[in-house]
Amino acid sequence: MQKRILLIASFILCSQFLVAQINATTATGKEVILNENGTWEYVKETETQSQAQISEDCSNFIKKVTSKKNGYQSLVSKETLVVSDDGGHTGFGIEAFTDLRANAFVINVKAVGAGDCVNEDTINILFRDGTTIELKNDEGLNCKAKYTIYFGGSFGRQKEKEDLATKEIKTMRANTSRGSLERDFTPEQSKQLMKTISCLTTY
């Protein structure tokens with residue numbers, strides 16, 4: 001009889017110990033620890049986990065806009081990515097957008113420092129894995145130092161689009177009739193552009 005009582009008491013003590021701290025998830029998705037005394041605390045996230053959650057949220061990289069002229073909706077990059085080593089005086093300004101109605105994806109690159117007038121010139125990209133792609137300017141002649149590259153439809157470039165969405169850029173070079181402009185991307189800039197394009201093409 002004593003052994004039986006002792007066994008039951010031990011079981012109760014073990015049960016209390018096991019439930020002394022319970023992990024739970026709030027309605028907003030935050031993980032918390034429920035303590036035996038009724039208090040609770042957030043589960044501490046590592047910096048890596050926190051960054052991973054942010055990076056998976058496409059609202060940090062793209063936004064939806066509606067044209068006041070025709071009411072068409074587009075997804076656009078939330079901010080212009082500036083790749084420069086002199087505070088933005090020369091370098092690249094990169095924006096991307098997609099037309100949900102036409103199912104087209106477009107990258108605009110402003111290349112400051114290699115001559116303003118651009119014709120059917122090219123953008124060359126070196127990825128960190130050593131592979132490269134060449135993208136021809138679809139904008140045509142302009143004197144705004146602007147390169148516009150279309151993806152999808154009659155323009156194709158499906159492979160190039162996938163590369164841009166899944167590979168980190170190391171170096172970008174814009175070629176013009178007056179020379180070329182080349183800049184290296186930081187790892188953070190590479191990831192920002194890659195995530196922006198991924199979000200735009202899979203939203």
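# Close-up views of a predicted model

Of the 203 residues in the chain, 34% are buried, where buried means under 20% relative accessible area, exposed means over 50%, and partly exposed lies in between (1.4 Å probe, protein chains only). This is a predicted model, in which local features need pLDDT of at least 70, side-chain atom pairs count only at pLDDT 80 or more, and totals for chains, interfaces and linings use all residues. Residues are numbered from 1 along each chain as its sequence is written, and side-chain values use heavy atoms, with hydrogens and water left out.

**View 1. The whole chain holds four helices and 13 strands.** Helices (H or I, at least four residues) and strands (E, at least two) are DSSP runs, numbered from the N terminus. A contact means heavy atoms within 4.5 Å. Among contacts in the chain between residues at least 6 apart in sequence, 47% join residues at least 24 apart.

**View 2. Strands β4 and β5 form a hairpin with six residues between the strands.** Two strands pair if DSSP finds at least two bridges between them. Here, β4 (residues 62-66) runs antiparallel to β5, and five bridges join them. To find your bearings, look for Lys64, which stands opposite Leu75 in β5. In this hairpin, Gly71 takes a positive phi near 80°.

**View 3. Strand β7 has pairings with β5, β6 and β8.** Three bridges join β5 (residues 73-77) to β7, and these strands run antiparallel; Val76 has Phe97 in β7 as its bridge partner. Strand β6 (residues 81-83) also pairs with β7 in the antiparallel sense, over three bridges, and Val83 stands opposite Phe92. With β8 (residues 104-112), β7 (residues 91-99) pairs in the antiparallel sense over nine bridges. Two places to look along that pairing are Asp99, whose bridge partner in β8 is Ala104, and Thr98, which stands opposite Phe105. How does β7 sit in the rest of the structure? Seven of its nine residues are buried, so β7 is largely enclosed.

**View 4. Strand β8 also runs antiparallel to β11 (residues 146-151), with six bridges joining the two.** Lys110 of this pairing has Lys146 in β11 as its bridge partner. Ile107 is a handy residue to click on: not counting residues up to four places away in sequence, Ile107 touches Ile94, Glu95, Ala96, Tyr147, Thr148, Ile149, Phe151, Leu164 and Ile197.

**View 5. The largest nonpolar core has 34 residues.** Such a core is a set of buried Ala, Val, Leu, Ile, Met, Phe, Trp, Tyr and Cys residues joined through side-chain atoms within 4.5 Å. Which residues have the most contacts inside the largest core? They are Phe92, Ile94, Ile107, Ile123, Ile125, Leu164 and Met172. In soluble globular proteins, nonpolar side chains tend to be buried together.

**View 6. One cavity of 30 Å³ or more turns up in a search of the whole structure.** A cavity is a set of points, on a 1 Å grid over the protein atoms alone, where a 1.4 Å probe fits but cannot get out, and lining residues have an atom within 4 Å of a point. Grid points are joined across faces, edges and corners, and a volume is the space filled by probe spheres set on the points. The largest cavity holds about 50 Å³ of space. Its lining is made up of Ile107, Val109, Ile123, Ile125, Leu135, Ile149, Leu164, Met172 and Leu193. At least two residues of that lining come from each of β8 and β9 (122-127). By class, the lining has nine nonpolar, no polar and no charged residues; Ala, Val, Leu, Ile, Met, Phe, Trp, Tyr, Cys and Pro count as nonpolar, Asp, Glu, Lys and Arg as charged, and the others, Gly among them, as polar.

**View 7. Helix α3 (residues 158-166) has Lys161, Asp163, Leu164 and Ala165 buried.** What covers these buried residues includes β8, β9, β10 (132-136), β11, β12 (169-176) and α4 (187-202).

**View 8. Two loop residues, Gly153 and Glu120, close the tour.** Gly153 lies in the loop between β11 and α3. Is Gly153 buried or exposed? Gly153 counts as exposed, because its relative accessibility is 74%. The C-alpha atoms of Gly153 and Phe105 are separated by 9.4 Å, and these residues are 48 apart along the chain. Glu120 is in the loop between β8 and β9. Not counting residues up to four places away in sequence, Glu120 touches Lys136 and Asn137.

Definitions and conventions:
1 Å grid on protein atoms, 1.4 Å probe; cavity = no way out; pocket = protein on both sides within 12 Å on 5 of 7 lines; lining within 4 Å.
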